[in-house]
Amino acid sequence: MIGTIYTETVVYLAPEAFAADVPYQVAIVTLQDGTRVTGRVLGERVTIDDRVEQVELRDGIPYFRRVA
Amino acid sequence: MRPVAIAAAGKTPFGAFPGRDLRSLVVEAGEKCLKNGHVSPSQVEAFYLGNFAGPSFVGQNHLAPFVSTALGIRDVPSTRFEAACASSGSAFFHAFSAVASGLYDCVLVAGVEKMTSQPTARVTEILAGAGDCSGEIKAGSTFPSLFAMIARRHMYQFGTTLEHLAAVAVKNHANGVLNPDAHMRKVITMEQALTARPVAEPLHLYDCSLISDGAAAVLLMPAERARDFTNKPVRILGVAQASDFVALDHKQDITTFPAVRRAAQKAYEMAGVGPKDIQFAELHDCFTIAEIVALEDLGFVERGAGGPFEASGATARTGEKPINASGGLKSKGHPVGATGVAQLCDLVAQIRCEAGDMQLKRNSLGLAQNLGGSGATCVVTILGNA
């Protein structure tokens with residue numbers, strides 16, 4: 001699935017469940033059908049308007065990566 | 001509906017109090033309030049308690065009778081309201097409705113949170129429960145990160161800057177120094193705010209409110225009856241609560257809170273005033289960006305103009321629209337369930353000219369805005385001279 005970054009943040013202070021991932025990037029992504037989802041960004045950091053594609057779905061949460 | 005007044009107010013200092021439990025905090029605030037109103041516990045006809053997460057923070061449920069009986073309030077309805085950080089704002093709105101309708105003549109509304117007995121990572125986890133735990137929270141969002149994403153989008157759409165955010169923190173910390181009950185009475189500089197460690201980019205340490213213990217209470221009566229108990233009743237001119245989606249990604253535009261706009265519109269209509277008439281306000285600055293968005297949603301400035309308005313000094317104590325003369329959640333502290341009623345206590349102190357070093361000159365019409373979660377609940381209240 002391809003989408004566009006609507007907004008993003010990099011989290012430095014996390015609950016214990018995610019402490020090992022810090023710092024990690026969370027983003028709200030606008031998908032091609034216009035719906036929005038909150039997911040994680042893997043690899044290169046992204047900014048608003050960047051195009052991303054979903055590379056994984058873990059426990060119902062989408063993981064995205066930047067596409068050129 | 002009949003006119004309703006706040007006959008009395010009382011609160012604890014806000015801070016980290018390792019030796020204090022939740023119940024003792026409400027008892028202190030409630031007793032101060034009843035004493036201030038010359039009312040005995042047996043005269044109270046109903047008790048409304050705002051509390052976000054007592055069961056998680058201190059392991060206690062069934063909180064309202066747990067604390068009201070300790071105050072000596074027996075037999076009467078005693079109920080807890082939960083609406084995240086707007087819990088006591090919501091308790092207040094429902095108490096107002098009951099008094100205005102004629103159901104009760106004397107109601108005590110309190111708010112409390114005891115947060116500092118848990119480590120910060122656990123507090124972050126408990127607060128995250130105010131978000132959508134089936135989506136955004138599962139993805140690793142925390143409350144700072146939700147507001148960080150709002151800030152990013154606000155910066156992108158309107159050109160809001162890190163300096164605009166920092167200006168809110170610097171101003172509220174300067175105000176908090178004048179508040180003897182504030183959690184953090186400490187002046188900070190623009191440079192300190194901008195170079196503090198990141199919590200969730202673009203938000204840094206000083207963009208975030210504090211983790212605090214504290215309680216606050218107000219006593220509501222029909223306006224005519226309140227005059228029998230105090231020569232300084234404060235009129236509730238307008239109050240409204242509104243709701244929206246819990247999940248940030250369900251919202252069309254995250255740079256504005258529709259619940260704030262709706263609650264404000266209703267409260268302004270009820271009071272027969274507009275944003276220009278409001279002389280001072282206590283706004284829900286859980287994060288610096290939240291105060292900027294609130295200025296816009298309440299109609300104090302146009303959309304996108306909140307950042308420059310803060311940077312201009314207009315919201316300082318000496319400015320045209322003093323915001324958070326108490327120090328706000330940023331410096332006064334944010335025991336989440338207590339915040340809504342505490343804001344009202346601050347308005348009452350200003351209107352009664354009892355605010356000490358915090359006293360403002362233009363003090364006869366004030367507004368409080370209490371936000372729950374990332375905007376799923378909002379309560380707006382307008383108070384004035386009776």
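In what order do the nine strands of the open sheet in chain B stand? Hi everyone, let me start there. The order runs β3-β2-β4-β7-β1-β8-β11-β10-β9 in chain B, and the pairing is mixed. Before I go on, please keep in mind that this is a predicted model.

So, the edges of that sheet. They are held by β3 (78-81) and β9 of chain B. Each has a single partner strand, so one side of each is left without a neighbour in the sheet. From one strand to the next, the twist averages 25°.

Let's walk through some of the pairings. Strand β4 (residues 107-114) of chain B and strand β7 (residues 213-222) of chain B run antiparallel, joined by eight bridges. If you want a place to click, try G111(B), whose bridge partner in β7(B) is A216(B).

Now go over to strand β10 (residues 365-372) of chain B. Is this strand enclosed or open? Seven of its eight residues are buried, so β10(B) is largely enclosed by the rest of the structure. With strand β9 (residues 280-282) of chain B, β10(B) pairs in the parallel sense over three bridges. With strand β11 (residues 377-385) of chain B, the sense is antiparallel and there are eight bridges. A368(B) is a handy residue to select here: A368(B) is the bridge partner of E282(B), and A368(B) also stands opposite T381(B) in β11(B). The hairpin of β10(B) and β11(B) has four residues between the strands, and there G373(B) takes a positive phi near 60°. As a general reminder for anyone looking at side chains, in a regular strand they alternate between the two faces of the sheet.

What lies across this part of the sheet? Helix α10 (residues 258-271) of chain B lies across β8 (234-243), β10 and β11 of chain B. The helix runs at about 150° to β8(B).

While we are on helices, have a look at α6 (residues 143-158) and α11 (residues 288-297), both of chain B. They pack at an angle of about 55°, and their axes are 9 Å apart. That angle makes α6(B) oblique to α11(B). The crossing of α6(B) past α11(B) is left-handed. From α6(B), the contact uses F147(B), I150(B), A151(B) and H154(B); from α11(B), it uses I289(B), A290(B) and V293(B). Sorted by class, that contact has six nonpolar residues, one polar and no charged ones.

Next, the contact between the two chains. How many residues does each chain bring? Chain A gives 25 residues and chain B gives 25 residues. On the chain A side, the elements that give two or more residues are β1, β2 (24-31) and β3 (36-41) of chain A. By class, that side has 14 nonpolar, five polar and six charged residues.

There is strand pairing between the chains, too. Strand β1 (residues 2-11) of chain A and strand β5 (residues 198-201) of chain B pair in the antiparallel sense over two bridges. One of the bridges matches V10(A) with E201(B), and V11(A) has A200(B) as its bridge partner. β5(B) also pairs with strand β6 (residues 203-204) of chain B, again antiparallel and over two bridges. P198(B) has H204(B) as its bridge partner in β6(B). A hairpin joins β5(B) to β6(B) through one residue.

That loop between β5 and β6 of chain B is where P202(B) lies. The peptide bond joining E201(B) and P202(B) is cis, with omega about 10°. Chain A has a cis peptide bond as well, between V22(A) and P23(A), with omega about -10°. P23(A) sits in the loop between β1 and β2 of chain A.

Last stop: backbone angles that you may want to check yourselves. D75(B) is not a glycine, and its phi is positive, near 70°. D75(B) is found in the loop between α3 (63-68) and β3 of chain B. A84(B) also has a positive phi, near 55°, in a residue other than glycine. A84(B) belongs to the loop between β3 and α4 (87-100) of chain B.

Which one is buried and which is exposed? D75(B) is exposed, because there are 9 other C-beta atoms within 10 Å. A84(B) is buried, because 24 other C-beta atoms lie within 10 Å.

That's my tour, thanks for listening!

Conventions: Residues are numbered from 1 along each chain as its sequence is written. Chains are lettered from A and ligands numbered from 1 in the order in which they are written. This is a predicted model: local features need pLDDT of at least 70, side-chain atom pairs count only at pLDDT 80 or more; totals for chains, interfaces and linings use all residues. Axes are lines fitted to C-alpha atoms, for helices over the stretch in contact, and angles run from 0 to 180 degrees between N-to-C directions. Angles under 35 degrees count as roughly parallel, over 145 as roughly antiparallel, 65 to 115 as roughly perpendicular and the rest as oblique. A crossing is left-handed if the near helix is turned anticlockwise from the far one by less than a right angle, and right-handed if clockwise. Two residues are in contact if their C-beta atoms, placed from the backbone, lie within 7 Å. Ala, Val, Leu, Ile, Met, Phe, Trp, Tyr, Cys and Pro count as nonpolar, Asp, Glu, Lys and Arg as charged, and the others, Gly among them, as polar. Two strands pair if DSSP finds at least two bridges between them. A residue is buried if 20 or more other C-beta atoms lie within 10 Å of its own, exposed if 12 or fewer, and partly exposed in between; C-beta atoms are placed from the backbone.
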